[in-house]
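Here is a brief report on the packing and the pockets of one protein model. Look over the sequence and the structure before reading on.

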Amino acid sequence: MPDRPEIVCICGSTRFVDEMSAANRDLTFAGVIVLAPGVFPRTEDREAGGSVTAEQKTALDALHLRKIDLADRVLVVNPGGYIGESTSREIAYARATGKPVSFTDSS
């Protein structure tokens with residue numbers, strides 16, 4: 001029995017906010033510590049009428065890599081098999097650091 005719960009980092013396009021929230025909820029109920037994006041620019045832009053700057057996007061991307069560092073494994077939320085540029089970088093980073101990577105949709 002581990003001395004702490006498993007830590008999973010959720011990765012994926014921020015367009016899949018609902019799917020990421022569902023994965024976060026399911027993992028949390030399963031006793032997992034979940035690390036996930038904290039900002040969903042597409043959704044928040046529409047709601048707040050603002051946008052994320054290029055500098056903020058760079059900082060958020062770097063922060064998410066640190067979340068991968070903390071995780072035991074990575075779960076990629078990819079409905080329909082979609083994986084964008086940022087998620088591809090995160091997958092490559094996770095694999096380069098030896099983190100197991102799984103996907104919600106293998107198509």
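Start with valine 34. In this predicted model, Val34 touches Val8, Ile10, Asn24, Leu27 and Thr28, leaving aside residues up to four places away in sequence.

Val34 also belongs to the largest nonpolar core, which has 13 residues. Along with Ile10, Leu27 and Val77, Val34 touches the most other members. Strand S1 (7–11) and helix H1 (17–29) each supply at least two residues of this core. H1 gives the most, with four residues. Apart from this core lies another, of 11 residues. Among its members are Leu35, Ala71, Val76 and Val101. In soluble globular proteins, nonpolar side chains tend to be buried together.

Now the largest pocket. Its volume is about 430 Å³. The lining comprises 21 residues. Which of them lie nearest the centre of the pocket? They are Gly12, Thr14, Lys57, Asp61 and Ser86.

The lining divides by residue class as follows.

| Class in the pocket lining | Number of residues |
|---|---|
| Nonpolar | six residues |
| Polar | eight residues |
| Charged | seven residues |

Which helices each supply at least two residues of this lining? Helix H2 (41–48), helix H3 (54–70) and helix H4 (85–96) do. H3 provides the largest share, six residues.

Technical notes
Residues numbered from 1 in each chain as written. Predicted model: local features only at pLDDT ≥ 70, side-chain atom pairs only at ≥ 80, totals over all residues. Heavy atoms only, no water. Core = buried A, V, L, I, M, F, W, Y, C linked by side-chain atoms within 4.5 Å. Buried < 20%, exposed > 50% of the residue type's maximum accessible area, 1.4 Å probe, protein only. Contact = heavy atoms within 4.5 Å. 1 Å grid on protein atoms, 1.4 Å probe; cavity = no way out; pocket = protein on both sides within 12 Å on 5 of 7 lines; lining within 4 Å. Points joined across faces, edges and corners; volume = space filled by probe spheres on them. Nonpolar A, V, L, I, M, F, W, Y, C, P; charged D, E, K, R; others polar.
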